[in-house]
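Student: I can read values off a model, but I do not know how they turn into words. Could we take the terms one by one?

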Amino acid sequence: MAEQTAPPGSTGAPGAISPGPPGRRAEALPDKPDAAVVRDALGVGIAVGLSGFAFGVTSAGSGLSLLQTCVLSLLVFTGASQFALVGALAAGGNPYTAAAGAFFLGVRNAFYGLRLSQLLALPRAVRPFAAHWVIDETTAVTLPQPTRRAARIGFTVTGLTLYVLWNLTTLVGALGAEALGDTDAWGLDAASPAVFLALLAPMLKSTIERVTAGLAVLLALTLLPVLPAGVPVLLSALAAPVVLFLMGRTKRGPNPEDGVATRQDRTAQQEQEERHP
């Protein structure tokens, strides 16, 4: 899907459009050299891309063939969803349940795309290919950039580096799975989730976000021993509406007008009793 993606070209003068809120002038933002953006993007792309080896080993150990493993990395290309799928299958979960869990984990990328589409403003011909690279890591590198040019460089370098390395190391991991023996004993399936959590943690800045994430983890861990593989991940998504509902009730609190209305009703009732004892 993204194999033929070309680096997005720049439209307009470099630094003329800021990826920040509308109306904010780019000149007010600190400039960032292209070399610094490339360095940061390469750091993330290489660090996460190497964990594709863990997926290759885990996928082969769960019973998927070499071809199935490589196709997953080529076409799905979202580590958390891939690990969720093969983990559920390895635990004996229903294939449809495993696929549903992986799908809902990948849905978050659609929300990333809504924001990145505004920042990058890519040509229409490039967007379908670039959409394949909208994942946690490219979003984490792109969003903090001060200008559209820097955002495009960060997105392209991170996506290209990560896509190439992830697929290469997936192939190597799947080929070397037999040499490692019992893949479960190595605990390699925890590598990608650990990287994902390391990237996600700094983004949880508000109390609502932290509480939601904590409740989701608690739900998943509590339901894991009693439900089929893949189902706890789906149900942990209920943490978001629960927290929003509780926070809304806390903010609303008691309505002062209710107390006024009650006192007025009592006064009217007393006056009526005095008139008609």
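**From values to words**

Tutor: Start in a loop: alanine 121 is found between H6 and H7. This is a predicted model, where local features need pLDDT of at least 70 and side-chain atom pairs count only at pLDDT 80 or more, while totals for chains, interfaces and linings use all residues. Residues are numbered from 1 along each chain as its sequence is written, and side-chain values use heavy atoms, with hydrogens and water left out.

Student: Why is alanine 121 called partly exposed?

Tutor: Its relative accessible area is 25%. Buried means under 20%, exposed over 50% and partly exposed in between (1.4 Å probe, protein chains only). The value for alanine 121 falls in the middle class, so the residue is partly exposed.

Student: What makes the phi of alanine 121 worth a remark?

Tutor: Most residues other than glycine have a negative phi. Alanine 121 is not a glycine, and its phi is positive, near 50 degrees. Phenylalanine 77, in the loop between H3 and helix H4 (79-90), also has a positive phi, about 50 degrees, without being a glycine. Glycine 63, just after H2, has a positive phi of about 110 degrees.

Student: Why is phenylalanine 77 called buried, and leucine 218 exposed?

Tutor: Phenylalanine 77 has a relative accessible area of 2%, so it counts as buried. Leucine 218, in helix H13 (residues 207-223), reaches 53%, so it counts as exposed. Its C-alpha atom is 8.1 Å from that of serine 236, which is 18 residues away along the chain.

Student: How do you know which class alanine 130 belongs to?

Tutor: Alanine 130, in helix H7 (residues 127-130), has a relative accessible area of 6%, so it is buried. Its C-alpha atom lies 9.0 Å from that of phenylalanine 155, although the two are 25 residues apart along the chain.

Student: What makes a stretch a helix, and how many helices does the protein have?

Tutor: Helices (H or I, at least four residues) and strands (E, at least two) are DSSP runs, numbered from the N terminus. On that basis the protein has 16 helices and 0 strands.

Student: Why is H2 described as largely enclosed by the rest of the structure?

Tutor: Helix H2 (residues 52-61) has 10 residues and 7 of them are buried, so the description follows. Among them are Phe55, Val57 and Thr58.

Student: Why are H3 and H9 called roughly antiparallel?

Tutor: The axes of helix H3 (residues 66-75) and helix H9 (residues 148-175) cross at roughly 165 degrees and come within 9 Å. Angles under 35 degrees count as roughly parallel, over 145 as roughly antiparallel, 65 to 115 as roughly perpendicular and the rest as oblique. H3 and H9 are therefore roughly antiparallel.

Student: Which residues of H3 and H9 meet?

Tutor: A contact means heavy atoms within 4.5 Å. Among those that meet are Leu66, Cys70 and Leu74 in H3, with Tyr163, Trp166 and Leu171 in H9. By class, the contact of H3 with H9 has 8 nonpolar, 4 polar and no charged residues.

Student: What makes H2 oblique to H9?

Tutor: The axes of H2 and H9 come within 6 Å and cross at roughly 40 degrees. That angle makes H2 oblique to H9. Residues in this contact include Phe53 and Phe55 in H2 and Trp166 and Val172 in H9.

Student: Why are H6 and H9 called oblique as well?

Tutor: The axes of helix H6 (residues 108-120) and H9 cross at roughly 125 degrees, and they come within 9 Å. H6 and H9 are therefore oblique to each other. Leu116, Gln118, Leu119 and Leu120 in H6 meet Arg148, Ala151, Arg152 and Phe155 in H9.

Student: Where is confidence highest, and where is it lowest?

Tutor: Confidence here is pLDDT, the predictor's own score for each residue, from 0 to 100. Helix H9 has the highest mean, 94, and helix H16 (residues 256-275) the lowest, 55. The protein averages 75, and 67% of the residues score at least 70. Over residues 1-28 pLDDT stays under 50, and residues 257-261 stay under 50 with 0 contacts beyond four places in sequence.

Methods:
Axes fitted to C-alpha atoms, helices over the stretch in contact; angles between N-to-C directions. Nonpolar A, V, L, I, M, F, W, Y, C, P; charged D, E, K, R; others polar.
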